[in-house]
Amino acid sequence: MPTITQTPDGHVFDCEEGDTILRAALRAGIGMPYSCNTGSCGNCRFQLLDGEVTHLRDDAPAWSERELKRGRWLGCQAVPNGDCSVKFRAMDQYVPYNRPESFEAELTGIEKITHDISQFMFQADAVPFFRPGQYALLHVPGVTGARAYSMSNLGAGGTWQFMIKQMPSGAATGQLFESELGAKITIDGPYGTAFLREDSPRDIVLLAGGSGLSPIVSIAKGVAKAGMLGTRKLHVFYGGRDVSDLCDATVLGAEAAGAARFVAALSEPDATWTGPKGYLHDVVFEDMGAALKDCEIYFAGPAIMSAAVQKMTHEAGVPQDQLHFDEFY
Ligand SMILES: Cc1cc2nc3c(=O)[nH]c(=O)nc-3n(C[C@H](O)[C@H](O)[C@H](O)COP(=O)(O)OP(=O)(O)OC[C@H]3O[C@@H](n4cnc5c(N)ncnc54)[C@H](O)[C@@H]3O)c2cc1C
Ligand code: FES
């Protein structure tokens, strides 16, 4: 098994055959920076000082020939061919509370949420606990490369649920939406740092765009379970394109649904729609305005929505450490 020696913090860790340097570091409890885990964001970049690695994906969007010439690789894609020395700065905020593990799970249910989003329920034996808002990597049989999906439930009893949007011609979603109950899949997790901060006393704003619904539902359930609703307001904003994308507050679970203010907004509604119209970031700013800067804000959705929400919250004066998000690539 390859041994990885890290500079400048002096960590030394083992990497199982076929595992990536990022995942091996996290499994060893080391805070290697990352976000997407699928080669798209570039946050896991490291310098290879000695040894050889191979990338899982040749076409990783966050990597180029230029990076190769500089000896820089992506931690989430780089599989060591033997012992290696690497340079990256380990950071406390990436140290996993629950170290990720890879395990087999069985598909036990599929429930339709909107016209193109369904909730997939998997059951596994002893597996790590996850926090509301985290995600896992699903190795879908017959699909090259793992895909990231955020859990929509609370981590207990080996049940892992995911709200997944069917993508036109999508490799993984195409397979998943055709799966039979009883199908076996490998799940690797938990990952992600955009989880619920139970110790924050601030009111909570949750923003979900399309497939971003999954972690937002998990966080809303977590807020209720942690008893946070007695002292904090919960505002949930959900954005879709037209009425076929709509869901209502019941997806949040009875307790959170009863206490939350749930606002659905559509960007391209028909003439019968009387609710808020426009892109989610604009609707949220118009609705919450200056109050946003006193809230803990969690959001999830496509990269384009993420960029717009980050800009809007910056302009609204929200401190960066009150923003928690994963970009969906
Ligand atoms: C942190 C995170 C959380 C996410 N959570 C959710 C969620 O809760 N619900 C949801 O519906 N979607 C979520 N997504 C998006 C999801 O991971 C997929 O991108 C989406 O389902 C499309 O996958 P597809 O295979 O059907 O589509 P395709 O068009 O076949 O694949 C597109 C995606 O797969 C990636 N990809 C392509 N080849 C490879 C490879 N060899 N290895 C790894 N990745 C590859 C692409 O970069 C792109 O992101 C999340 C993404 C991220 C990064
Ligand atoms: S590119 Fe590796 S974590 Fe995003």
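In this predicted model, Ile21 is in contact, once its neighbours within four places in sequence are left aside, with Ile4, Phe13, Met32, Phe46, Val53, Gly75, Ala78, Pro80 and Val86. Ile21 is also, together with Tyr34, Phe46 and Val86, one of the residues that touch the most other members of the largest nonpolar core, a set of 31 residues. The elements that each supply at least two residues of this core are helix 1 (21-27), strand 3 (45-50), strand 5 (72-74), strand 7 (84-87) and strand 10 (135-139), and helix 1 gives the largest share, five residues. Because domain 1 (3-94) and domain 2 (101-191) both contribute residues to this core, it lies between them. A second, separate core holds 26 residues, among them Leu196, Val223, Leu252 and Ala256.

The domain assignment on which this reading rests divides the protein into domain 1 (3-94), domain 2 (101-191) and domain 3 (203-328). Between the C-alpha centres of domain 1 and domain 3 there is a separation of 33 Å.

Empty space inside the model can be considered next. Rolling a probe the size of a water molecule over the atoms shows where such space is left. When the whole structure is searched, two cavities of 30 Å³ or more are found, and their volumes and linings by residue class are set out below.

| Cavity | Volume | Nonpolar | Polar | Charged |
|---|---|---|---|---|
| Largest | about 90 Å³ | 10 residues | four residues | one residue |
| Second largest | about 40 Å³ | eight residues | two residues | one residue |

The largest cavity is lined by 15 residues, of which Tyr34, Pro96, Tyr97, Gln134 and Gly192 are the closest to its centre. Tyr34, named here, also appears among the residues of the largest nonpolar core that touch the most other members. The largest cavity, with residues from both domain 1 (3-94) and domain 2 (101-191) in its lining, therefore lies between these two domains.

The lining of the second largest cavity consists of Gly133, Ala194, Pro215, Ile216, Ile219, Tyr298, Phe299, Ala300, His324, Phe325 and Asp326. Three elements, namely helix 4 (213-225), strand 17 (295-302) and strand 18 (323-328), each supply at least two residues of that lining.

Notes
Residues numbered from 1 in each chain as written. Chains lettered and ligands numbered in written order. Predicted model: local features only at pLDDT ≥ 70, side-chain atom pairs only at ≥ 80, totals over all residues. Heavy atoms only, no water. Domains from an automatic or database assignment. 1 Å grid on protein atoms, 1.4 Å probe; cavity = no way out; pocket = protein on both sides within 12 Å on 5 of 7 lines; lining within 4 Å. Points joined across faces, edges and corners; volume = space filled by probe spheres on them. Nonpolar A, V, L, I, M, F, W, Y, C, P; charged D, E, K, R; others polar. Helix = DSSP H or I, 4+ residues; strand = E, 2+ residues; numbered from the N terminus. Core = buried A, V, L, I, M, F, W, Y, C linked by side-chain atoms within 4.5 Å. Buried < 20%, exposed > 50% of the residue type's maximum accessible area, 1.4 Å probe, protein only. Contact = heavy atoms within 4.5 Å.
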